[in-house]
Amino acid sequence: MKVLVINAGSSSLKYQLYNMTDESVLAKGRVERIGMDSSILVHEPTGGEEYNTVSEILDHTIAIRRVLESLTDEKHGVMKSVDEIDAVGHRVVQGAESFKESVLVDKDVKKEIRRLFDLAPLHNPAHIMGIEAVELNMPDVPQVVVFDTAFHQTMPEKAYLYAIPKVLYKKHKVRRYGFHGTSHYYVSLAAAEYLKRPLKELKVITCHIGNGGSLTAVKDGISVDTSMGMTPLEGLIMGTRSGDLDPAIVPYVMNKEELSIGEVNFMLNKHSGLMAISGSSSDMREITDAMAEGDANSTLAFEMFEYRLRKYIGSYVAAMDGVDVIVFTAGIGENSAIVREKVCENLTYLGVKLDPELNKIRSGDPRRISTPDSKVEVLVVPTNEELVIARDTYKLIQK
Ligand code: ADP
């Protein structure tokens, strides 16, 4: 039983082929620069050599065709025929209130994802291109969509509504949705398994911090609050996103700088965050390297990033009236010992105690980085959104 997982963006596409018998990855790769000159396909068969090709890939249909060719290539392939793929699972960013869980793709599902284009103009159209490209290449293979927002559909009204006229929610569905749900779900469950305790009995704060970042409060096994909002702009300071700010800044800056809606949106999403404060990089590795060399702007960017993150942890302790486990995941959460150290250094009022040696260890497995007498378990859990998509896809096609 083989499942192909696709994460389609507007000009790129990532894939992983799973053997569901043992949940092993047979191959993975990506296509970049779709629709541009010199598109690149990078294919990595597990245990084999990475292989790159540069060609013209005009659209997603051709991109999927090239992926299938790579997967069945005589030299670099991992299967004999495309017929061996039993199902395809797609990541979809915005499912809004329409999708509380993963579903099989049909005409109505596609129509609904299209109806949500307004809420995710950069993502959902690309996902539809990915789904239709698979349809054209493999018309008889069932497809499943897995939503970044679905895990957060359990948030109560008091957490998801904004305090603005309710008509905006009724008419335009303006509310908080949250993102990275697949990751928060996966790491909260993996943390409970690691601790050999039922997730339902734990209060968990999951910190997914990569280029984009969000925190989730998981109580009774469900998401009760999360830091991203109607769009991924709310919450933490991120690589190039501002995170929370006074909404009155938007019209003020538009007026002073004569910016359009598009321009101010671009500024807050692409020219803010770590990038804006450091003035040099959106990448945490470069920020911490520059900080070690005494760069004042990078130091300030780091301090603001860590401070916002720590304040959110504090607010979720308040939201759940306690915390048993704090989980770090994604690029920064999994790799940056100094971010974890600085955050935990100032959580002493919770009884958090980090073991500095355990914090330094690198490993691809879930691990504890707190001391035995720490009142809160602090874990690093590598995320695996693709595996959740593969599992959901497999489960749904069995039915
Ligand atoms: P995305 O949101 O794009 O999926 P990732 O989860 O890949 O992002 O995270 C990217 C971030 O992780 C970057 O800021 C990068 O600097 C950081 N990162 C990756 N490896 C390390 C490392 N070894 N030390 C510190 N930060 C790291």
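Here are four short exercises on this predicted model, each with a worked solution.

Residues are numbered from 1 along each chain as its sequence is written, and side-chain values use heavy atoms, leaving out hydrogens and water. Because the model is predicted, local features need pLDDT of at least 70 and side-chain atom pairs count only at pLDDT 80 or more, while totals for chains, interfaces and linings use all residues.

**Exercise 1. The two domains**

Task: Find the bounds of domain 1 and domain 2, and say how far apart their C-alpha centres lie.

Solution: Start with the domain assignment, which gives domain 1 as 2-147 and domain 2 as 181-385. Such bounds come from an automatic or database domain assignment. Next, take the C-alpha centres of domain 1 and domain 2: they lie 29 Å apart.

**Exercise 2. H43 and its surroundings**

Task: Is H43 buried or exposed, and which side chain does its own side chain meet in a polar contact?

Solution: First, locate H43 in strand β4; strands are DSSP runs of E with at least two residues, helices are runs of H or I with at least four, and both are numbered from the N terminus. Second, look at its relative accessible area, which is 0%, so H43 is buried. (Buried means under 20%, exposed over 50%, and partly exposed in between, with a 1.4 Å probe and protein chains only.)

Third, follow the side chain of H43: it makes a polar contact with the side chain of Y15 at 2.7 Å, and it reaches the backbone oxygen of H76 at 3.2 Å. A polar contact is a pair of N or O atoms within 3.5 Å; within protein, one must be able to donate a hydrogen and the other to accept it, and residues adjacent in sequence count only if both atoms are side-chain atoms.

**Exercise 3. Two residues with positive phi**

Task: Describe the phi angle, the place and the exposure of R33, then do the same for K173.

Solution: Recall the background: most residues other than glycine have a negative phi. R33 has a positive phi of about 65 degrees although it is not a glycine. Its place is the loop between β3 (24-32) and β4 (39-45). With a relative accessible area of 35%, R33 is partly exposed. Leaving aside neighbours within four places in sequence, R33 is in contact (heavy atoms within 4.5 Å) with S11, S38, S39, I40 and I57.

Now turn to K173, where phi is positive and near 60 degrees. K173 sits in the loop between α5 (166-172) and α6 (181-195). Its relative accessible area is 33%, so K173 is partly exposed.

**Exercise 4. Around the ligand**

Task: Which residues offer atoms to the oxygen atoms of the ligand, and which element gives the most to the shell?

Solution: Begin with the closely placed atoms. A polar side-chain atom of D283 lies 2.4 Å from an oxygen atom of the ligand. Backbone N or O atoms also lie by a ligand oxygen atom: one of M284 at 3.0 Å and one of I332 at 3.3 Å. Then count by element: α10 (284-292) and α12 (330-335) give two or more residues to the shell around the ligand. Of these, α12 gives the most, with four residues.
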